[in-house]
Amino acid sequence: MHDNLDLMLYRARRVLAERLRPAVHSPGQRLEVASFRVNGEPIPVAQALAADYRPSTVGEQWGRAWDTTWFRVTGEVPAAFAGRQVEVLFDLGFDINKTGFQAEGLVYTADGQPVRSLHPRAQWIPVAKKAAGCEPITFYVEAAANPEVEMFHPTELGDWSTAGEELLYRLGRCDVAAFNADVFELVHDVEVLIDLAGQLPSDSERRARILYTVDRALDLVDLQDVAGTAVQARERLADVLASPASASAHRVSAVGHAHIDSAWLWPLRETVRKVARTTTSMVRLIEDHDEFVYAMSSAQQYAWLKQHRPEVFAIVRQAVAEGRFVPVGGMWVECDAVLPGGEAMIRQFSYGQRFFREEFGLECKGAWLPDSFGYSAALPQLLRGAGYEWFLTQKISWNERNRFPHHTFMWEGIDGSRIFTHFPPMDTYNSELNAEELARAARQYREKAVGSTSLAPTGYGDGGGGTTREMVARAKRLANLEGSPRVAWEHPDVFFAQARAELPEPAVWRGELYLERHRGTYTSQHAMKQGNRRSEALLAEAELWSAVAAVRAGHPYPYDALDQIWRDVLLHQFHDILPGSSIAWVHRQAREKYAELAARLEGIIADALAALGVSLGEGPLAINGSPVAQAGVPAGSAAPAVRAPRQVSTDPDGFVLASEFVRIIVDADGLVTSAVDLASGRDAIPSGTRGNLLQLHQDFPHVWDAWDVDANYRRQCTGLTSLTSIGLDGDTVVITRTFGASSVEQRLSLDDDGRVLLIDNVIEWHEQEKFLKLTFPVDVFADTAIAETQFGHQSRTTHDNTSWEDARFETHAQRWFLVQEPGFGVAFVNDSSYGFDVTRVERDGRITQDARFSLLRAPRYPDPRTDIGTQRMRLGVLVGADPGTATQAGYQVNLPARAGSGASLPALVEVATPGVLVSAVKLADDRSGDLVVRVYEAQGRRTTTELAVGVVARQVHRADLLERPGEAVEASWRSDGFSVWLELRPFEVATLRISR
């Protein structure tokens, strides 16, 4: 054989692109088009169908950014198409390379029934499987002019108010055509074979046979009559397509999927429509293909359908009932997995699973977070506690430096809990099931010595329409094909059961799944961080006082109000909202929502306390809604405040803030030169250095502006020492500075207990591409920094011996991080700042640490005015700290005691053991009236503790995180309540359900 195989491959690709694909549809006949432009936000379907339409033409421009235009398509099926499958070809002006990031449409019938979505990869509307000829055609298309927000370039398209008036799209086509099924099948025969050949070794027999056979099959195609000669070409390919895969071939479980970000380069309201479009198409694909299975996460997205598109929700509900449309994840949204607090993570599970249980009668077995930006080491315990059996992600494959060593493994968290975990080795959660992806999965799968199975979430995301009929056609041919992994559509639960059976003793990864990218999301869009943290704190207070008022005063528990507020908070924890990586519109609306939620929660708290005889405002009471004592008042109670004596004085070097616990010196530049723990006599500030130093860095990552901080930012640093003013305001040192176009006011004081140096910052931020840090050098010798995570803490090295350690140059904490040596430590607490870094520094032959809060960033994409304006944040420094006192200080800064007047309130729940904290006191979600109390061990040590509850009860059960009762707990009963003893593992979270 003298044929050149490379030329055969080139010829096949050209014939496929230029002759076969265009012949899938016959030449079309133009249909009539009319249009109706919506003035403002999207309108209900019924209103749109009844609107007045004006004549339009193909080639006409339409669509100001974020506008909606409805198109009416009318005509009839040509008589010549009788007996054939007929479709309308409708092009909104698509660019096929920008699927999910431009114009989209949802097609409706004249009576308002959803048909399918229109997007660049699916520009067709079904008319008839077998047309009679001359049937009337009427469709309506709700077309969204979503702008192409060009990646990584600053843009004003990110908000309606700045997007401009330009019409963005030009109507490209509106024809009725016959669908040539034989050509469609030939296209995929050829495509699958030549793509497979491209992945096989150049000298392999299988590659040569494929290319030779395809070449000869194409000889049988009349390029001027493809439809008439497709069958004989397919017959020539039958044998090579029938050759089975080897017994040892890698096996891919495909599941239809469309990763739809709940907000990102579009606002929340547009996600509602993206979900409606995608799910409509996926239900139709299920109807057309018996083997196809589609999975969708996020209870919020189903809830949007139910509320805004009930006609779509109805067909989804039916497909779920049939087991083909699969809810996965069991969470309210695919949230960020490091920034939300512990209770919020639990509520992601409980609200998500409750929705799926109530609407569909099912609960999800696995958590589905393919795209979140790293995963807290607390998650395994929380997943297991919520009843999950498995966990899936993809994002760690994005690591910049270090390749994660497993694809299927056990993930162990801070308390020792383990969850069976899978990373698809295909390195994508938007698979097209092409040969390159399948070859990559087989090649990269790390557990191939003991396993042979991986998962492939398959489909275009973000409004790209999900899985296509082309992908289904590929899967059919790849089910058992020599040279390729085997492919089968499967429910994710089936895949995980098979994988677990293959790996009875999987490898174990302990600790966080740190993503070596997107480190800037710990800081970007500070208002998101502050709104989330404040909402979490207010919700804890609102639930506590509402439960106390319900139990002690018969006050109605605000179930509906709290449920709606929680759902709003959980939505805004989505992994492109809370991290600060969405367009301006998203963050503007989030700021407004957080302010609204704060006002509503303050009202709920005030009403509950009023029912208990307590008024908020000036008064002698300290109302402590936190789980730690403060102002001399026990956790969860109200009593007269007892504030520690504090003194402020001046000396030649500046100012002295002192109490019986600490002595802080602030110099004339407003910098901290000494911070002495009086109990030990240790000064935390190394001699000759100064803390409270603001440092400004150039911040221009090589890509992903709002997401990433590159290590090179540290090479350009300006210390902000110039002073505008400094002075005393009562017991507070007030410092003002200006820098660039910005300014800052800092107010330094000691807290009510006299232990924590508080730094209240008001920053007028008007920088671009800058990163602001606040630095404290500390005289501590430590190999690790300890950071609070949900329900506990974790350690990270401060050195960079390995590439894994070096990659963690920017990390995250919840309310505090701590630099500690045996016997002495310094804790850094915050009320809304998650990012930090700790660096080892040699000074005069001694190793010290520079501990730095990450305060503000100024990326220009996707929001060119990120954080511009007034930003407020409270920080704190605690000398002589350990994890226990750091945790206490963190709560005090985030849930400070309130002032008020009225009767004292004893605590409803008391814990006898320091380090065991109450995370939540609430009434049960099922509205039974049962009291739910959640506690956790915060210091990482095994303990036994007594828990006293001041409520008359019938029985007490340990419950899971979804509040389902388990084993009964033996209680000591009293006339006014009871007490129980709990044994807790290090960092264990325990939930009690109390029947009153």
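Biologist: What makes the crossing of α3 and α11 right-handed or left-handed?
Modeller: In this predicted model, the crossing of α3 and α11 is right-handed. That term applies if the near helix is turned clockwise from the far one by less than a right angle, and anticlockwise would be left-handed.

Biologist: Why are α3 and α11 called oblique?
Modeller: Helix α3 (residues 181–199) and helix α11 (residues 435–444) pack at about 40°, with axes 8 Å apart. Under 35 degrees counts as roughly parallel, over 145 as roughly antiparallel, 65 to 115 as roughly perpendicular, and the rest as oblique. So α3 and α11 are oblique to each other.

Biologist: Which residues meet there?
Modeller: D195, L196 and Q199 of α3 meet A435, E436 and A439 of α11, where contact means heavy atoms within 4.5 Å.

Biologist: Why are α14 and α15 called roughly parallel or roughly antiparallel?
Modeller: The axes of α14 (residues 526–553) and α15 (residues 559–571) cross at roughly 160° and come within 11 Å. Angles run from 0 to 180 degrees between N-to-C directions. The cut-off for roughly antiparallel is over 145, so α14 and α15 are roughly antiparallel to each other. Their crossing is left-handed.

Biologist: What makes that contact, on α14 and on α15?
Modeller: N532, S535, L539, A542 and E543 come from α14, and L562, I565, W566 and V569 from α15.

Biologist: How are the residues numbered, and what gets left out?
Modeller: Numbering starts from 1 along each chain as its sequence is written, and side-chain values use heavy atoms, without hydrogens and water. As the model is predicted, local features need pLDDT of at least 70 and side-chain atom pairs 80 or more, while totals for chains, interfaces and linings use all residues.

Terms used: Helix = DSSP H or I, 4+ residues; strand = E, 2+ residues; numbered from the N terminus.
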